[in-house]
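Hi,

Here is the structure I promised to pass on. Have a look at it first, and my notes follow underneath.

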Amino acid sequence: MKIGIVCYPTFGGSGVVATELGKALAKIGHQVHFITYSQPTRLDFFNENLFYHQVDVMTYPLFQYPPYELALASKLVDVVKYERLDLLHVHYAIPHASAAYMAKQILLTEDIFIPVVTTLHGTDITLVGKDASFTPVVTFSINASDGITAVSQNLKEDTYRYFNINKDIQVIPNFVDLERFNRQKKEHFKKAICPNDEYLVVHTSNFRRVKRVEDAVKVFYNIRKHIPAKLLLVGDGPERNNVEKLCRRLGGCDDIRFLGKLDAVEEVLSVSDLFLMPSEKESFGLAALEAMACEVPVISSNAGGLPELNIDGETGFVCPVGDIEMMTEKALYILHPDRLATFKKNALERAKTFDIKEIVPQYEAMYQKIYEQSQTKVNS
Ligand code: GMT
């Protein structure tokens, strides 16, 4: 099939999922066209089936807010028409689902029918989408999609709770490429960070408020009161300054390293013993899945879809949002020579159930079904 993928091209989880999905589809013979405002971060290799179309937004002194959605809709019309796409798959409802709807209506005036699949990722529903300033458009454009997927059961339920949705939502969970994310031998790296064999704790995120990175730091400080440990913070974002200030206030900055945005995050995960994800909201928790694939157990909050991924007492522990004491207690339980190996093994076994090879066919099957339905509509 010829598939158009629309996503945020930056470091966010939805962009990563969209890009990895597109790459996997291209490898198995589909022609995939990415349509975004810049090259997706993980679109970093050549494949004859991969194409990239940049959306340029014209600036004009009258425009206090450049109309990205209109530029995207126009680009979609152009790409669907001239590349003869079979289907559009938009990731993150705002503003991608409504831009796709507009493109679809414009194309209909030329007797071109393009089916649209919308994948809901999380904050497009739980944070931004349910804000009154967006709700009517988000509701309409989800209902107008030909197929809707959500990355967890919890997100599906939230979508029905917050919006008046009259269509079926299929849960297709996030996935991980186990050929990339696996425990690699990086002992020299571990030795450099933990010269005295300290336990290595890691957190990766986009440092937004919902991630509660400060909780990760507090849990780490409590852990360090009992056992020797180091903390690696991977990623960057608006909360970075506050987190740095907290580290300075609490002292012991030598045991914490800020690594910034890293491409090869699997190398860090490969030497880690524990992953912290204390988020306030988290529809799935892709970063935790990538850690689990590298045999790293997870202490997470119980937000959103995290309990669907992190099995309490097996792959790690699930604690109430903000419960620093419980997170510390459970972390210390895992970081023990008698138990750590079992938690690591369980984490990997769980990650295997989200293998990209198992999940991509679910998208393919959905595309096929929707494409066939659209052909019936065109022919009737
Ligand atoms: O976590 C973020 O803030 C980024 C956001 C995104 O859309 O880029 O991530 C969401 O989508 C990811 C991929 O489906 C999920 O793994 C994350 O759990 C989800 N984030 C939230 O719900 C906060």
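How many residue pairs are in polar contact across the interface of domain 1 and domain 2? The rule finds 4 such pairs, both residues being at pLDDT 80 or more. A polar contact here is a pair of N or O atoms within 3.5 Å; within protein, one must be able to donate a hydrogen and the other to accept it, and residues adjacent in sequence count only if both atoms are side-chain atoms.

Before the rest, some ground rules. This is a predicted model, where local features need pLDDT of at least 70 and side-chain atom pairs count only at pLDDT 80 or more, while totals for chains, interfaces and linings use all residues. Residues are numbered from 1 along each chain as its sequence is written, and side-chain values use heavy atoms, with hydrogens and water left out.

Now the domains. Domain 1 covers 2–175 + 356–379 and domain 2 covers 187–352, with bounds that come from an automatic or database domain assignment. Their centres, taken over C-alpha atoms, are 31 Å apart. Domain 1 puts 18 residues into the contact and domain 2 puts in 13, contact meaning heavy atoms within 4.5 Å. About 1,200 Å² is buried between the two domains, 62% of it on carbon and sulfur atoms; that is the accessible area (1.4 Å probe) that two parts lose on being put together, summed over both. On the domain 1 side, helix H1 (13–27) and helix H6 (153–162) are the elements that give two or more residues. Helices (H or I, at least four residues) and strands (E, at least two) are DSSP runs, numbered from the N terminus.

As for salt bridges (a side-chain nitrogen of Lys or Arg within 4 Å of a carboxyl oxygen of Asp or Glu), the rule finds 0 across that interface. The count for the model comes to 19. One of them joins the side chains of aspartate 158 and arginine 161, at 2.5 Å from N to O. Those two are separated by about one helical turn, because they are 3 residues apart in helix H6.

You'll probably want the ligand next. It has 19 residues around it, and Ser14, His121, Lys211, Glu282 and Ser283 are the closest; a residue is near if one of its heavy atoms lies within 4 Å. Glutamate 282 has a polar side-chain atom 2.6 Å from a ligand oxygen, and asparagine 174 has a side-chain N or O atom 2.9 Å from an oxygen of the ligand. With leucine 286, a polar backbone atom is 3.1 Å from a ligand oxygen.

Some backbone details to check in your viewer:

- Isoleucine 94 and proline 95 are joined by a cis peptide bond, with omega about -10 degrees; proline 95 sits in helix H3 (residues 93–108).
- Aspartate 197 is not a glycine, yet has a positive phi of about 65 degrees. Its place is the loop between helix H7 (187–193) and strand S8 (199–204).
- Tyrosine 199, in strand S8, is 74 residues from aspartate 273 in sequence but 6.2 Å away in space, C-alpha to C-alpha. Beyond its neighbours within four places in sequence, tyrosine 199 has contacts including Cys194, Ile227, Asp273 and Leu340.

Cheers
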